[in-house]
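Trainee: I'm new to this one, and I'd like a close look at a single part rather than a quick tour. Please take me through the nonpolar core, and then show me how the rest of the chain sits around it.

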Amino acid sequence: AITPQELLKVIGLLYGMTVQQHGERRSYWRVEGEGEESLFPAPAWGTRFGMGQRRFETVLRYLTLHDPTSVDEGDRWHPVRTLVDAFNERRLDKMHPSGSLVVDE
């Protein structure tokens, strides 16, 4: 079983991987003295954030946003349909554009 804290760590680690890029996923768990010597210190995310690479990979492997037993072959968005629908409902409820709408980069 996964705890809410572990789920938040996984989400945070995934976000961190978009901000601080190190190539292969396993390189985020590299510690000093492993592999090549580098100008930059090893990320050592397992030590820094309290989640080992094996646990991270296990949680990620089984993490889904849909019920895998109900597959809609005609809907290519099925794996994330619940998330997309919730986002769109919230957007319709909160966003009320006027006659002029400017979309910035």
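Mentor: Let's start with contacts: of those in the protein with a separation of 6 or more, 43% are between residues 24 or more positions apart. Keep in mind that this is a predicted model. The parts list is short, with 4 helices and 0 strands, so to speak an α-α-α-α run from the N terminus on. The radius of gyration is 19 Å, well over the 13 Å that the globule rule gives for 105 residues, so the protein is more spread out than a compact globule. Along its principal axes, the C-alpha trace spans about 60 × 40 × 25 Å. Of the 105 residues, 16% count as buried.

Now for the core you asked about. The largest nonpolar core has 9 residues: Val-10, Leu-13, Met-17, Tyr-28, Trp-29, Trp-45, Met-51, Phe-56 and Val-59. Two helices, α1 (4–19) and α3 (53–62), each supply at least two of them. The largest share, 3 residues, comes from α1.

Trp-29 is a good place to put your finger. Leaving aside residues up to four places away in sequence, Trp-29 touches Leu-13, Met-17, Ala-44, Trp-45, Gly-46, Met-51, Gly-52, Gln-53 and Phe-56. Several core names turn up again in that list, among them Leu-13, Met-17 and Met-51.

Next, look at the rings. The count of aromatic pairs comes to 3. One of them is Tyr-28 with Trp-45, a tilted pair at 4.6 Å centre to centre with 45 degrees between the planes. This pair ties together distant parts of the chain, as Tyr-28 is in the loop between α1 and α2 (45–49), Trp-45 is in helix α2, and they are 17 residues apart. Are these two rings buried or exposed? Buried means under 20% relative accessible area. Tyr-28 has 3%, so it counts as buried, and Trp-45, also with 3%, therefore counts as buried too.

Another pair is Trp-29 with Phe-56, again tilted, at 5.1 Å centre to centre and 40 degrees between the planes. Here the loop between α1 and α2 provides Trp-29 and helix α3 provides Phe-56, with their positions 27 residues apart. Both Trp-29 and Phe-56 are buried. Back at Tyr-28 and Trp-45, add Phe-49 and you have one aromatic cluster.

Now step outside the core. His-78 lies in the loop between α3 and α4. With a relative accessible area of 17%, His-78 falls under the 20% cut-off and so counts as buried. Its contacts, not counting residues up to four places away in sequence, are His-66, Asp-67, Ser-70, Val-71 and Asp-72.

Helix α4 (residues 81–94) gives you a contrasting view. Of its 14 residues, the number buried is 0, so α4 lies largely in the open. At 1.5 Å a residue, α4 should span 20 Å, and its end C-alpha atoms are 20 Å apart, which agrees.

Last, the outside as a whole: the protein exposes about 8900 Å², and carbon and sulfur atoms supply 56% of that. If you want one thing to trace on screen, go from Leu-13 and Met-17 to Trp-29, which touches both, and then on to Phe-56, its tilted ring partner.

Note on methods:
Residues numbered from 1 in each chain as written. Predicted model: local features only at pLDDT ≥ 70, side-chain atom pairs only at ≥ 80, totals over all residues. Heavy atoms only, no water. Core = buried A, V, L, I, M, F, W, Y, C linked by side-chain atoms within 4.5 Å. Buried < 20%, exposed > 50% of the residue type's maximum accessible area, 1.4 Å probe, protein only. Contact = heavy atoms within 4.5 Å. Phe/Tyr/Trp six-rings, centres within 6.5 Å; stacked < 30°, edge-to-face > 60°. Rg over C-alpha atoms; globule rule 2.2 N^0.38 Å. Areas by Shrake-Rupley, 256 points an atom, 1.4 Å probe, with all protein chains shown as cover. Expected span 1.5 Å × (residues − 1).
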